[in-house]
Structures are given as C-alpha cells and as structure tokens.
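Me: Got a minute to walk through a model with me? I'll paste it in here.

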Amino acid sequence: MGYKFVLNETSYHGYGALDGIIEVINDKGFKKIAIFVDSFLKENNIAKKVTDKIDALDVEYTFYTDIKPNPTIKNVLGGLKVLKDFGADAVIAIGGGSVIDCSKAAAIINTNPEFEDVKSLEGLAETKNSATPIIAVPTTAGTAAEVTINYVITDEELERKMVCVDPHDIPIVAVVAPEMMESMPKSLTAATGMDALTHAIEGYITKGANDLSDMFHIKAIELIAKYLPLAVNNDKEGREKMALGQYVAGMGFSNVGLGLVHSMAHPLGAVYDTPHGVANAIILPKVMEFNAEATGERYKEIAKAMGVNDVDSMSQDEYRKAAVKAVKDLAKEVGIPENLKEIVDEKDLDFLAKSAFEDACLPGNPRDTNQEEIKNLYKELL
C-alpha cells in the first residue's frame with residue numbers, strides 16, 4: 001500500500017519572506033482576517049511586522065490574544081467566537097506552536113461545527129471540510145506547526161493534552177521569516193530548537209518512516225546540530241538555518257508520526273505547564289537509549305548528521321552511544337537542564353505514566369512499551 005504526504009499549498013522562506021503575505025492575500029482575495037497572536041507579541045510590536053504589510057491592503061482585521069502557552073479548550077472556543085462574530089474569511093496565526101495550534105482548532109471547528117465540544121477533535125478527527133484558511137507565521141524555530149497536520153490542545157479539567165491529527169487543518173500558507181524569530185531569548189531559542197531536533201529524530205526512527213520522510217529528517221538533524229548554537233547567540237545565519245531546519249523536520253514528522261518522547265513530554269505540559277521543548281530535550285536522550293535496540297542502523301545516520309566523526313568505523317553499540325552522546329552534548333551546550341528533578345513530583349508518576357501510555361504519539365514508537373516501563377523512565381530522569 002502506498003502512503004500519503006501532506007504539505008502546505010505554498011511556503012515562503014528566508015529574510016524578506018513576510019512580503020509573501022501580501023501576495024497571498026491579493027491572490028486569494030481575503031477581506032476579513034482574524035489575527036491570532038499572544039498578548040506579548042502584540043504589545044511588543046512583533047505582530048506589527050505583519051500588520052504593517054497588510055495595512056496598505058483593502059482588508060479588515062481583528063486580533064485574538066487570549067492564548068496560553070499550552071492552549072486550552074477555553075482558548076479555542078474564545079478564538080472560534082472571534083471568527084464567527086467577525087465573519088473572518090481567513091486567519092493569520094503569528095506565534096509559536098501554541099498560537100498556531102489554537103488557530104487550527106478554532107478554524108477547523110468554524111467549518112465543522114459538529115466538533116464544537118473540542119474534545120471530539122482528539123486523535124484522527126473525521127472532519128469533512130477544510131479549515132478556515134490559515135496563513136501561519138511562526139515566531140519560534142521548533143514546533144513546525146505551520147506545516148503539520150497535528151495540533152495539541154490542553155484539557156485543563158482532566159490535566160491532559162489532546163493530540164489532534166487532521167489533514168484539513170494544515171495552514172494553506174507558511175511564512176517562515178527568520179526576522180520574526182530574532183526576539184526569542186536564548187532559553188526559548190534553545191528549547192524550541194531541541195523540540196525541532198526531537199521531531200527530526202523521532203520522525204526518523206518511527207514505525208511509519210519512509211524514504212521521503214527520511215530525506216527530510218536527516219537534513220533537519222544536520223541543520224539543527226550545526227546551527228542551533230549559532231541561533232542561540234542570535235547569529236543571523238543561525239536564525240535563518242534553524243527556521244528552515246525546523247520546517248524541514250515538520251514536513252517529515254507530520255506525515256509519519258512521532259513516538260515515546262512526545263508521549264512523555266505532553267503530560268508534563270498538561271500537569272506542570274512545562275515548556276514543550278524543554279520537556280522533549282530532557283527526555284530525548286533517555287528514550288533514545290531505550291529505543292536503540294529497535295532502530296537497526298538508523299543511529300549510524302543520526303550520528304553522522306549530528307557531526308560525529310569516524311562513524312563508519314564504529315560498531316553498532318558504539319555508534320548508538322555516539323548518537324545519544326551527541327544529542328546530550330548539544331543540549332548541554334545550549335543550556336537545557338539534564339533531568340526532571342526540578343519539574344516532576346514523584347507522587348505524580350503513576351498519572352504521568354498512564355497519560356503517556358495513552359498518548360496518541362506512542363503507537364509510532366519503534367519499541368513497544370508498557371505503563372510500568374514508562375514510569376521507570378520518568379524515575380530515571382529524576
């Protein structure tokens with residue numbers, strides 16, 4: 001059986017990519033645009049880089065800013081109300097994964113009102129209509145939400161994240177402009193960059209991997225390993241290459257899935273509001289060790305892409321350890337914590353393990369596991 005690959009209609013990249021927004025609006029004839037953006041980006045004039053482009057056009061726009069770092073059902077419903085009340089024919093989502101994910105959920109419900117409870121979107125939602133068109137303008141280099149068919153919404157009542165998968169929600173256009181990312185502090189640059197690396201590595205070893213996704217993931221690992229330290233120091237080339245690297249990773253994993261790292265990271269965001277990239281970065285090396293025996297020769301290619309020397313002369317055990325060490329070294333270089341000691345309360349381990357085991361990303365993991373093994377992995381990270 002063949003496989004399906006879903007990408008944006010159009011994407012714009014590099015410095016100056018913001019001009020693509022004008023072209024899209026003119027070509028599509030949008031007239032009423034809802035701009036999803038968090039209050040920080042609006043108040044600090046980062047969103048103004050986008051609105052300056054559209055102020056000269058014959059369009060109306062309004063803002064929706066009530067979006068948490070881990071967007072909730074309430075945030076989605078608030079955005080949906082704005083779309084309906086304003087009569088929006090398009091959305092511009094300016095922000096990291098949280099803003100873009102919130103816009104996806106609101107936009108898909110706007111055209112598929114039978115999913116207005118939000119919870120029914122979890123998993124592979126069988127929506128019939130494409131979402132209200134979204135132009136996604138990422139301000140972080142990590143989630144690749146601008147090119148994926150996935151989004152994550154937090155159910156605060158149950159303290160769990162809902163992973164939603166729907167080809168109908170993909171933004172029609174991605175505008176990946178590195179100038180939108182230059183305001184990120186070092187810590188956020190590091191966390192989102194390690195999130196992108198997690199996407200690339202998990203996507204490369206997932207059960208659903210194929211030749212096409214492999215091509216994207218290996219290139220993404222190579223770009224991120226080389227340019228993340230430069231981006232953390234706000235180097236212009238580093239910003240541009242990281243913007244591209246995280247997008248390339250998204251092109252791959254969106255179509256083949258992820259694995260246990262994301263399954264374990266999602267509950268940390270739901271329970272402790274842990275930044276997603278930080279959670280992934282801490283968990284990634286431990287899960288790589290856990291998965292190693294189920295990955296064949298794939299860690300050899302990961303090690304090479306991470307810049308490890310003389311990989312071809314190594315034994316299987318050596319190159320697997322080298323790949324894990326390269327990830328650990330990069331995380332340490334950019335300032336990621338080494339464990340979950342300051343994040344996880346041991347009394348929550350059973351709940352965290354249960355949530356991770358039930359997470360939608362788990363089936364893609366190359367090694368099958370169970371709730372007890374997941375609990376032990378959390379313990380080892382304390």
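Me: Where does T295 sit?
Reply: This is a predicted model, and T295 is in the loop between α10 (276-291) and α11 (298-305).

Me: Is T295 buried or exposed?
Reply: T295 counts as buried, because its relative accessibility is 6% and the cut-off for buried is under 20%.

Me: Ok, and what does T295 touch, skipping residues up to four places away in sequence?
Reply: I205, R320 and P366. Closer by in sequence, a polar atom of the T295 side chain lies 2.7 Å from the backbone oxygen of A292.

Me: Back to α10. How does α9 pack on α10?
Reply: The angle is about 140 degrees and the axes are 8 Å apart, with α9 covering residues 260-272. The crossing is right-handed.

Me: Which residues make that contact?
Reply: From α9, L260, V261, H262, M264, A265, H266 and L268; from α10, H276, A279, N280, I283, L284, V287 and F290. They divide into ten nonpolar, four polar and no charged.

Me: Switching to α5. What end-to-end span should α5 have?
Reply: 21 Å, because α5 has 15 residues (97-111) at 1.5 Å a residue; the end C-alpha atoms are 21 Å apart, which agrees.

Me: How many α5 residues are buried?
Reply: Twelve of the 15, so α5 is largely enclosed by the rest of the structure. Among them are D101 and K104, along with V99, I100 and I108.

Me: What covers those buried residues?
Reply: The cover includes the strands β2 (32-37), β3 (60-64), β4 (90-95), β6 (134-138) and β7 (150-155), plus helix α4 (73-86).

Definitions and conventions
Residues are numbered from 1 along each chain as its sequence is written. This is a predicted model: local features need pLDDT of at least 70, side-chain atom pairs count only at pLDDT 80 or more; totals for chains, interfaces and linings use all residues. Side-chain values use heavy atoms; hydrogens and water are left out. Helices (H or I, at least four residues) and strands (E, at least two) are DSSP runs, numbered from the N terminus. Buried means under 20% relative accessible area, exposed over 50%, partly exposed in between (1.4 Å probe, protein chains only). A polar contact is a pair of N or O atoms within 3.5 Å; within protein, one must be able to donate a hydrogen and the other to accept it, and residues adjacent in sequence count only if both atoms are side-chain atoms. Contact means heavy atoms within 4.5 Å. The expected span of a helix is 1.5 Å times one less than its number of residues. Axes are lines fitted to C-alpha atoms, for helices over the stretch in contact, and angles run from 0 to 180 degrees between N-to-C directions. A crossing is left-handed if the near helix is turned anticlockwise from the far one by less than a right angle, and right-handed if clockwise. Ala, Val, Leu, Ile, Met, Phe, Trp, Tyr, Cys and Pro count as nonpolar, Asp, Glu, Lys and Arg as charged, and the others, Gly among them, as polar.
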